[in-house]
Amino acid sequence: MIPLAKTAPRFLNLFGILHLGFGALMACGATLEVVNMLLPHLLPAIQSNRFIQLHHTQPVLGTWTVASNMVNVLIGLCFIAAGFGLFHRRSWGPRLSRWCAQALLGIAAGGVVVCAVYLYPLAFEMMGSPEPVARKEGLLMLASLIGAAVSLPIYPGIVWWAFRR
């Protein structure tokens, strides 16, 4: 059996690398969503999508999207900081990692509720449409929503578990 002293640096380095990548992707993706909500004229090609239009016409959905993604930018940046903290063996690195994971799990849970109320009904409505393009778009959106609900909590769940002590 390998002593913990020899495995811990690899463990911390691995999570440091994963934190940097995950945090960067999160911060960039969330920034784009905020930009789309606040400055839709910068991304005109996607504004005709019914799901995007719903984000702009439903105040609760629009507010949730902007607010949760602004928090996600912060969480992404904190994941990056935690990654550097893990590389440099700072005592706050694991604590910040766990905080990021818990915050993102909370955002993901809230997102599932918001999607269930606002986006799933539209996806099911479109899937029942006689128009083949609308059916396909509804099916793709439903698959995306379910995929996000299932996959988004995986990495934060692993981080939360790994840094539980």
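Trainee: What pattern does the protein follow when read along the sequence?

Mentor: Read that way, the pattern is α-α-α-α-α-α. Please keep in mind that this is a predicted model. The secondary structure amounts to 6 helices and 0 strands.

Trainee: What does the C-alpha trace span along its principal axes?

Mentor: The span of the trace is about 65 × 35 × 25 Å. Of the 165 residues in the protein, 35% are buried.

Trainee: Let's turn to pairs of helices. Why is α3 called roughly antiparallel to α4?

Mentor: Start with the angle: helix α3 (residues 59-87) packs against helix α4 (residues 92-127) at about 160 degrees. Angles over 145 degrees count as roughly antiparallel, so α3 is roughly antiparallel to α4. The axes of α3 and α4 are 9 Å apart, and their crossing is left-handed.

Trainee: Which classes of residue make up the contact of α3 with α4?

Mentor: The contact has 22 nonpolar residues, 7 polar ones and no charged ones.

Trainee: And what makes α4 oblique to α6?

Mentor: Here α4 and helix α6 (residues 154-162) pack at about 140 degrees, and their axes are 8 Å apart. An angle must be over 145 degrees to count as roughly antiparallel, while 65 to 115 counts as roughly perpendicular. The angle of about 140 degrees fits neither range, so α4 is oblique to α6. The crossing of α4 with α6 is left-handed.

Trainee: How do you know that the buried residues of α6 line one face of the helix?

Mentor: The buried residues of α6 are Y155, P156, V159 and A162. Looking down the axis of α6, you find them within an arc of 130 degrees, so they line one face of the helix.

Trainee: Which residues are buried in helix α2?

Mentor: In α2, which covers residues 50-57, the buried ones are F51, I52, L54 and H55. Down the axis of α2 these buried residues fall within an arc of 155 degrees, so they too line one face of their helix.

Trainee: What does a side-chain oxygen of N49 reach at the start of α2?

Mentor: That oxygen comes to within 2.7 Å of the backbone nitrogen of F51.

Trainee: Let's look at single residues. Why is S68 called buried?

Mentor: S68 lies in helix α3. Its relative accessible area is 7%, and buried means under 20%, so S68 is buried.

Trainee: What does the side chain of S68 reach?

Mentor: It reaches the backbone oxygen of W64, at 2.7 Å. S68 also has a distant position in the sequence to compare with: S68 and A108 are 40 residues apart in sequence, and 9.2 Å apart in space from C-alpha to C-alpha.

Trainee: How do you know that T65 is buried?

Mentor: T65 is another residue found in helix α3. With a relative accessible area of 4%, set against the limit of under 20%, T65 is buried. The C-alpha atoms of T65 and E33 are separated by 7.6 Å, although these residues are 32 residues apart along the chain.

Trainee: What makes A109 partly exposed?

Mentor: A109 has its place in helix α4, and its relative accessible area is 46%. Buried would need a value under 20% and exposed one over 50%, so A109 is partly exposed. From A109 to E33 there are 76 residues along the chain, and their C-alpha atoms are separated by 18 Å.

Trainee: Where does R89 lie, and why does R89 count as partly exposed?

Mentor: R89 lies in the loop between α3 and α4. Its relative accessibility is 39%, which falls between the limits of 20% and 50%, so R89 counts as partly exposed.

Trainee: What is phi of R89 near?

Mentor: Phi of R89 is near 60 degrees, a positive value in a residue other than glycine.

Trainee: How many residues apart in sequence are R89 and P9?

Mentor: They are 80 residues apart in sequence, and 8.5 Å apart in space, C-alpha to C-alpha.

Conventions
Residues are numbered from 1 along each chain as its sequence is written. This is a predicted model: local features need pLDDT of at least 70, side-chain atom pairs count only at pLDDT 80 or more; totals for chains, interfaces and linings use all residues. Side-chain values use heavy atoms; hydrogens and water are left out. Buried means under 20% relative accessible area, exposed over 50%, partly exposed in between (1.4 Å probe, protein chains only). Helices (H or I, at least four residues) and strands (E, at least two) are DSSP runs, numbered from the N terminus. The arc is that of the directions from the helix axis to the C-beta atoms. A polar contact is a pair of N or O atoms within 3.5 Å; within protein, one must be able to donate a hydrogen and the other to accept it, and residues adjacent in sequence count only if both atoms are side-chain atoms. Axes are lines fitted to C-alpha atoms, for helices over the stretch in contact, and angles run from 0 to 180 degrees between N-to-C directions. Angles under 35 degrees count as roughly parallel, over 145 as roughly antiparallel, 65 to 115 as roughly perpendicular and the rest as oblique. A crossing is left-handed if the near helix is turned anticlockwise from the far one by less than a right angle, and right-handed if clockwise. Ala, Val, Leu, Ile, Met, Phe, Trp, Tyr, Cys and Pro count as nonpolar, Asp, Glu, Lys and Arg as charged, and the others, Gly among them, as polar.
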